Amino acid sequence: MDLDVFVTAHRTEWDRLDHLLHRGRRLTGTEADELVELYQRTATHLSLLQSSTPDPMLTARLTQLVARARATVTGTRRASWRDATRFLTAGFPAAVYRSRYWWIPTAVLSTVLAAVIGWWIGTHPEVQSAIAAPEDLRRMTSPGGEYETYYSSHPAASFAAQVWTNNAQAAAMCLVLGAFLCIPVIWILFINVLNLAVGIGLMSSAGRLDTFLGLILPHGMLELTAVFVAAGTGLRLGWTVIDPGPQSRRSALAQQGRAAIGMAIGLALVLFVSGVIEGFVTPSDLPTWGRITIGIAAELAFLAYVYILGGRAARAGDGGDVDATERSAELPVAA
């Protein structure tokens, strides 16, 4: 292809398309039809250039022109309150429900591992001495010690905001880093389990495990569930890299990645609730049974939300992905 001849032959059409795009909504019916036709022609010209004689400057100009024309022809879609409502009542709970075979085993194994490590720490003084000096252990576990004052060490609002930010970051890291063959997710999950196990072990060795559980359970049930959901989803994303199934690896990762992004937003809201409980309920003067009851109610509400709304949406075909009309077209893959 002679590039100079090609440009001379079609420059008038490109300039005309650019002119019509600048007119925006002031086009007549005839001009709108002309814009569609010029958009199709220019897209064809761009394809020919890219496949035969790619010229960086000309390709960049036509790419921009075609993108602007596509946005004008197809229209741009703006998010609305209806989208937010659909996400909260269908998309997010459906994504959590569909990934339950990943996060439920993750939760069970993590809880068992925390209990086993906690028992090991609590029954072996030499392990405790390796964690901290005896006076430091007494300062942490004694009545009025660091494990108790931690939740009231800052004003409730700022403490809740700090906890929410930290937990949301951990959940987001599990979701994002899952694509690296699951390894970062396993490490983040292990660190969280280890921190929990140390608290269980040290407080049980001091005979104050009931106090520790009374402090951790009100917010910890919902908080840990959110972390387990994030970790399970991250592991599922990592496994998609290894085994994408009948889809191409690129398509499978795109689908799971879009669902994971939505999951991060939804889990941030869940962790906001647990942060509020941790900031205002855990350090409150309510009796232990009252604080734990609030935690159980929050946990049961989340599970009902996932299994009722999410199950219904999942059975209707919602998987937490964007609408089919907003996805890129894909070629069929042989079985």
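This briefing covers salt bridges, a nonpolar surface patch, annotated transmembrane spans and several individual residues. The structure is a predicted model. The count of salt bridges comes to nine. A nonpolar surface patch covers about 400 Å², and an unreviewed UniProt entry lists residues 101-121, 170-198, 259-277 and 289-308 under "transmembrane region".

**Salt bridges: helices α1 and α2**

- Glu13 and Arg41 form a salt bridge, with 2.6 Å between the closest N and O atoms.
- Because Glu13 lies in helix α1 and Arg41 in helix α2 (residues 29-51), this pair ties together parts that are 28 residues apart in sequence.
- Glu13 counts as buried because its relative accessibility is 17%, under the 20% limit.
- Arg41, at 36% relative accessibility, counts as partly exposed.
- A network of salt bridges links Glu13, Glu37 and Arg41.
- Side chains of opposite charge can pair when their charged atoms come close.

**Salt bridges: Arg139 and its partners**

- Asp136 forms a salt bridge with Arg139, in which the closest N and O atoms are 2.5 Å apart.
- Asp136 and Arg139 are three residues apart in helix α7 (residues 134-141), so about one helical turn separates them.
- Arg139 also forms a salt bridge with Glu146, where the closest N and O atoms are 3.2 Å apart.
- Asp136 has a relative accessible area of 26% and is therefore partly exposed.
- Arg139 is partly exposed as well, with a relative accessible area of 45%.
- Glu146 counts as partly exposed at 38% relative accessibility.

**Nonpolar surface patch**

- The patch of about 400 Å² is made by Ile104, Val108, Val112, Val116 and Tyr307.
- Helix α5 (residues 100-122) supplies the largest share of the patch, four residues.
- Ile104 is located in helix α5.
- With a relative accessibility of 32%, Ile104 counts as partly exposed; this value meets the patch requirement of over 30%.

**Annotated transmembrane spans**

- The UniProt entry that lists the four "transmembrane region" spans is unreviewed.
- Residues 101-121, one of these spans, are 100% helix and 0% strand, and their end C-alpha atoms lie 31 Å apart.
- Residues 259-277, another of the listed spans, are also 100% helix and 0% strand, with 27 Å between the end C-alpha atoms.

**Thr282 in the loop between α12 and α13**

- Thr282 sits in the loop between α12 (249-281) and α13 (288-315).
- The relative accessibility of Thr282 is 2%, so this residue counts as buried.
- The side chains of Thr282 and His219 are joined by a polar contact of 2.9 Å.
- Setting aside neighbours within four places in sequence, the contacts of Thr282 are Tyr151, Leu215, Pro218, His219, Ile277 and Arg291.

**Gln256 in helix α12**

- Gln256 belongs to helix α12.
- Gln256 counts as buried at 17% relative accessibility.
- Gln256 is in contact with Arg236, Leu237 and Thr240, leaving aside neighbours within four places in sequence.
- Between Gln256 and Thr240 the C-alpha distance is 7.9 Å, across a sequence separation of 16 residues.

**Leu202 in helix α10**

- Leu202 is placed in helix α10 (residues 183-205).
- Leu202 counts as buried, at 2% relative accessibility.
- Apart from neighbours within four places in sequence, Leu202 is in contact with Ile121, Gln128, Ile131, Leu137, Met140, Thr141 and Tyr147.
- Leu202 and Ile131 are 71 residues apart in sequence, while their C-alpha atoms are 9.5 Å apart in space.

**Thr12 in helix α1**

- Thr12 lies in helix α1 (residues 3-23).
- A relative accessible area of 60% makes Thr12 exposed, since the limit for that class is over 50%.
- The C-alpha atoms of Thr12 and Ala172 are separated by 50 Å, and the two residues are 160 residues apart along the chain.

Terms used
Residues are numbered from 1 along each chain as its sequence is written. This is a predicted model: local features need pLDDT of at least 70, side-chain atom pairs count only at pLDDT 80 or more; totals for chains, interfaces and linings use all residues. Side-chain values use heavy atoms; hydrogens and water are left out. Patches are made of residues with over 30% relative accessible area and no salt bridge: like charges are joined within 9 Å, nonpolar side chains (Val, Leu, Ile, Met, Phe, Trp, Tyr) within 5 Å. Accessible areas come from the Shrake-Rupley method with a 1.4 Å probe; for residues, only the protein chains shown count as cover. A salt bridge is a side-chain nitrogen of Lys or Arg within 4 Å of a carboxyl oxygen of Asp or Glu. Helices (H or I, at least four residues) and strands (E, at least two) are DSSP runs, numbered from the N terminus. Buried means under 20% relative accessible area, exposed over 50%, partly exposed in between (1.4 Å probe, protein chains only). A polar contact is a pair of N or O atoms within 3.5 Å; within protein, one must be able to donate a hydrogen and the other to accept it, and residues adjacent in sequence count only if both atoms are side-chain atoms. Contact means heavy atoms within 4.5 Å. UniProt positions are given in the numbering used here, feature names are shortened, and annotations may be inferred rather than shown by experiment.
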